[in-house]
Amino acid sequence: MKVAIVIFDGVQALDVAGPLDVFVEANTLLCEHQKYEVSLVAPRAGTVTCSNGMQLFVPFGFADHTMRFDLLLVAGGTQSRGTQPSGDCLTWLKKRARDATRFGSVCNGPCVLEQTGLLDRKEVTTHWADAHRLANGIPQAYVRPEQISTRDSHLFTSTAVTTGIDLCLSLVAEDWGHELAARVAERLVYIHQGGGQPQYSPYTGAGKEDDPIIGKVRRYVTEHITDALSIEELASTVSVSRRTFSRLFAKYAKVTPSAFVEQVRVDTARKLLEDTDSPLKTVAFKCGFHSATHMRTTFSRRLKVTPKQYRQRFRRKNGSSAPAMPRQNDSPTISSLLRQSASAPAGSSA
């Protein structure tokens with residue numbers, strides 16, 4: 001089974017090493033004729049420098065690879081943002097991806113694939129820091145920043161760094177069964193990343209591109225977080241009609257007013273869960289949720305984790321900015337490693 005991992009200067013080393021190690025470990029459990037033949041492919045043969053300074057030797061360039069791949073993955077990296085591959089590179093990527101049985105990307109690899117047209121009308125995900133730019137760059141694509149991984153027909157995408165391991169474990173499971181993939185995960189001592197990507201993203205904040213009205217509403221919502229906050233009330237704070245208010249939100253905030261308020265509530269709750277030991281009922285009340293159950297339902301829908309799970313993962317200890325390590329008995333079982341991240345269960349209730 002022929003696998004190509006496409007890399008460029010500035011590639012994230014783990015975007016390469018993670019998938020590569022999954023396939024190498026799988027090979028130790030497979031018969032000779034079943035093994036993955038993995039090749040690193042770059043625009044030109046020679047040395048590729050990763051974003052951390054590590055250098056990778058690539059014996060062959062695009063022009064040297066004309067075979068059909070069973071899987072083609074584009075790795076991400078710092079240089080993928082705003083990268084403009086040459087016409088020859090794009091032609092090669094487009095042809096090889098179309099000919100491949102499966103193709104996809106890790107981290108912000110879609111920032112390279114977007115210029116091939118292969119993502120049009122496809123569901124994709126990428127690193128949360130690149131999701132907005134990708135959505136603007138490919139308005140025809142369905143960008144899902146809340147998902148850790150996506151599959152659309154034979155296109156596979158995953159978000160940041162170690163999620164490439166999740167993606168490749170799911171591909172190994174598809175090829176050779178869940179039991180073998182579980183053994184690979186066990187050998188790598190890899191714990192499946194439960195939940196969705198938004199749990200790792202920054203809180204909502206006023207961006208430089210915000211309309212002044214949106215910024216004013218954000219401040220008002222934050223200051224009155226425990227109130228019901230109807231659309232009429234929010235519109236009156238900026239002296240516009242409900243219709244105008246809704247239109248402004250659609251244009252500048254890209255969400256409905258009610259979704260915006262809910263996000264501010266979630267962000268406020270995240271901060272309290274990280275910084276305090278307040279009971280979940282208290283956190284829910286301080287953030288304007290009807291109850292702890294309402295907060296749990298909202299967290300599960302938006303972040304794919306419960307408030308309890310979020311606190312266990314991100315609670316700061318003694319003022320440290322580092323998240324608390326999960327207890328051993330909170331870790332997912334090996335069998336859960338094989339579920340694709342996008343469909344992983346929320347886990348135990350808060």
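This briefing walks through the fold, the nonpolar cores and the salt bridges of the structure above. The model is predicted. Its chain has 13 helices and 10 strands, and 49% of the 350 residues are buried.

**Overall picture**

- Among contacts in the chain with a separation of 6 or more, 66% are made by residues 24 or more positions apart.
- About 16,800 Å² of the chain is exposed, and 52% of that area is supplied by carbon and sulfur atoms.

**The start of the chain**

- Strand E1 (2-6) and strand E2 (residues 37-41) run parallel, joined by 5 bridges.
- If you would like a landmark in this pairing, look for alanine 4, which stands opposite serine 39 in E2.
- Helix H1 (residues 13-27) completes the picture here: together with E1 and E2, H1 makes a right-handed β-α-β unit.

**Nonpolar cores**

- As a background point, nonpolar side chains in soluble globular proteins tend to be buried together.
- The largest nonpolar core in this model has 25 residues, and the members that touch the most others are Val6, Phe62, Leu72, Val74, Trp92, Leu93 and Phe103.
- Two strands, E1 (2-6) and E5 (71-74), each give two or more residues to this core, as do the helices H2 (87-99), H3 (110-113) and H4 (128-137).
- H2 provides the largest share of this core, with 4 residues.
- A good place to zoom in is leucine 93: leaving aside residues up to four places away in sequence, leucine 93 touches Val6, Leu72, Val74, Val112, Thr116 and Leu118.
- Apart from the largest core lies another one, of 20 residues, including Leu30, Tyr36, Leu71 and Leu167.

**Salt bridges between helices**

- Side chains of opposite charge can pair when their charged atoms come close, and this structure holds 14 salt bridges.
- One of them brings together the side chains of arginine 187 and glutamate 25, at 2.8 Å from N to O.
- Because arginine 187 belongs to helix H6 (residues 178-187) and glutamate 25 to helix H1, this pair ties together parts that are 162 residues apart in sequence.
- Arginine 187 has 47% relative accessibility, so it counts as partly exposed.
- Another salt bridge joins the side chains of glutamate 262 and arginine 302, with an N to O distance of 2.7 Å.
- Here the partners are in helix H10 (residues 257-275), home of glutamate 262, and helix H12 (residues 292-303), home of arginine 302, so the pair ties together parts that are 40 residues apart in sequence.
- Both glutamate 262 and arginine 302 are buried.

**A pair within H10, and a network**

- Arginine 270 and aspartate 267 also form a salt bridge, with their closest N and O atoms 3.4 Å apart.
- These two residues are 3 residues apart in helix H10, so about one helical turn separates them.
- Arginine 270 counts as buried because its relative accessibility is 3%.
- Aspartate 267 is likewise counted as buried, because its relative accessibility is 7%.
- Finally, Arg102, Arg151, Glu174 and Asp175 are joined into one network by salt bridges that share partners.

How values were computed:
Residues are numbered from 1 along each chain as its sequence is written. This is a predicted model: local features need pLDDT of at least 70, side-chain atom pairs count only at pLDDT 80 or more; totals for chains, interfaces and linings use all residues. Side-chain values use heavy atoms; hydrogens and water are left out. A nonpolar core is a set of buried Ala, Val, Leu, Ile, Met, Phe, Trp, Tyr and Cys residues joined through side-chain atoms within 4.5 Å. Buried means under 20% relative accessible area, exposed over 50%, partly exposed in between (1.4 Å probe, protein chains only). Contact means heavy atoms within 4.5 Å. Accessible areas come from the Shrake-Rupley method with a 1.4 Å probe; for residues, only the protein chains shown count as cover. Two strands pair if DSSP finds at least two bridges between them. A crossover is right-handed if, with the strands pointing away from the viewer, the path from the first strand over the helix to the second runs clockwise. A salt bridge is a side-chain nitrogen of Lys or Arg within 4 Å of a carboxyl oxygen of Asp or Glu.
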